[in-house]
Amino acid sequence: RVQQKTFDLERSNCSLELLYRTVRHLNLASSPHEAYRELLQDIEQLADMHCGAICLSNQDNETAAMLATTLDREICKQQLCENGGCAQCLQTDETQFLNFDGDRKIIAIPIRDKNQQYGVLLMAPHSGKTIEAWQKQLLETIAGHIGITINSSQQAAENRRLELMEERSVIARELHDSLAQSLTFMKIQVSLLQAELKKPENESTTEKIITELRLEIGRASCRERV
C-alpha cells in the first residue's frame with residue numbers, strides 16, 4: 001500500500017507540474033501557436049506518452065492544419081490524414097480512440113471552449129501500452145486550457161479590431177467637423193468678397209480675402225485626402 005500511495009503521489013505531482021507548465025507556456029507565448037511543440041514535449045515527459053500532435057481547424061471547420069507534432073508524419077499521414085481525413089477527428093466533440101500504427105490506438109481530444117471547437121489534441125501511448133483513465137483526464141484538461149487560450153486570443157484580437165474601428169470613426173467625425181468649419185468660413189469669406197467687389201477702391205481687401213480662401217481650400221483638400 002505504501003508503494004502504491006507513493007506511486008500515486010508521484011503521479012499527482014507530475015500531473016500538477018504538467019498543468020502548471022501548460023498554463024505558463026500558453027500565457028507567456030506571444031501567440032498560442034508558439035507554445036505547442038514545447039507543450040507536446042512536456043506531455044510526453046510528464047504524462048508518460050510517446051508522441052503527439054496539435055491540429056487546429058481551418059476557416060471551413062471541415063479541415064485542419066497540423067501546427068505542431070512529434071508524431072511520425074508519414075505514418076500519421078497514411079493512417080490518419082489520408083484514410084479518414086480531418087473529418088474523423090473533427091466530427092465529434094467527444095474524446096475518441098483512433099487506430100494508429102498497427103494495433104496501437106491514438107487518443108483524439110477536442111480542443112474547445114464553451115460551444116466552440118478549435119481543433120484536436122492527438123496523443124499516442126508507448127508501444128504495448130494503453131492510455132489509462134488518469135492520462136485521459138489529464139489530456140482533456142490540457143486540451144481545455146488550449147481552447148480557453150485560443151478563445152481569449154481571438155477575443156483580444158476582436159477587441160483590438162473594435163478599438164481600431166472606433167478610433168477611425170472618431171477621426172472621421174473630427175475631419176467631418178473640421179471640413180464643416182472650413183466650409184462655413186469660406187461661405188462667410190465669399191459673402192464678404194461679393195460685398196467688396198462692389199467697391200473698386202477696396203482692391204487690397206479683396207486680394208486678402210481671395211488669398212484666405214485659397215489657403216482654406218488647400219487645408220480642406222488635405223483633410224479630404226486623409
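Tutor: A salt bridge here is a side-chain nitrogen of Lys or Arg within 4 Å of a carboxyl oxygen of Asp or Glu. The model under discussion is predicted.

Student: How many salt bridges are there by this rule?

Tutor: Side chains of opposite charge can pair when their charged atoms come close. Applied to this model, the rule gives a count of 6.

Student: Which residue meets Glu-132 in a salt bridge, and where does that partner lie?

Tutor: Glu-132 sits in the loop between strand E5 (116–124) and helix H5 (133–197). Its partner is 121 residues away, in helix H1 (residues 2–28). The N to O distance is 3.8 Å, and the cut-off is 4 Å, so the pair qualifies. The partner is Arg-11.

Student: Are Glu-132 and Arg-11 buried, exposed or partly exposed?

Tutor: Buried means under 20% relative accessible area and exposed means over 50%. Glu-132 has 42%, and Arg-11 has 22%. Glu-132 is therefore partly exposed, and Arg-11 is likewise partly exposed.

Student: Which residue does Lys-129 pair with, and how many residues apart are they?

Tutor: Lys-129 is in the loop between E5 and H5. It meets Asp-48 in a salt bridge at 3.4 Å, N to O. Asp-48 belongs to the loop between helix H2 (36–46) and strand E1 (51–57). This pair links distant parts of the chain, with a separation of 81 residues.

Student: What are the relative accessibilities of Lys-129 and Asp-48?

Tutor: Lys-129 is partly exposed, and Asp-48 also counts as partly exposed. The values are 46% for Lys-129 and 34% for Asp-48.

Student: How many helical turns separate Lys-136 and Glu-140?

Tutor: The two residues form a salt bridge, with the closest N and O atoms 2.9 Å apart. Lys-136 is partly exposed at 29%, as is Glu-140 at 30%. Because they are 4 residues apart in helix H5, the separation is about one helical turn.

Student: Which residue is linked with Glu-17 and Arg-21 in a network of salt bridges?

Tutor: The network has Glu-17 and Arg-21 among its members. The other residue linked with them is Asp-42.

Student: What span should H1 have, and what is the distance between its end C-alpha atoms?

Tutor: H1 has 27 residues, and the expected rise is 1.5 Å a residue. The expected span is therefore 39 Å. The distance between the end C-alpha atoms agrees, at 39 Å.

Student: Which residues in H1 are buried?

Tutor: A buried residue has under 20% relative accessible area. In H1, those listed as buried are Ser-15, Leu-18, Thr-22, His-25 and Leu-26.

Notes
Residues are numbered from 1 along each chain as its sequence is written. This is a predicted model: local features need pLDDT of at least 70, side-chain atom pairs count only at pLDDT 80 or more; totals for chains, interfaces and linings use all residues. Side-chain values use heavy atoms; hydrogens and water are left out. Helices (H or I, at least four residues) and strands (E, at least two) are DSSP runs, numbered from the N terminus. Buried means under 20% relative accessible area, exposed over 50%, partly exposed in between (1.4 Å probe, protein chains only). The expected span of a helix is 1.5 Å times one less than its number of residues.
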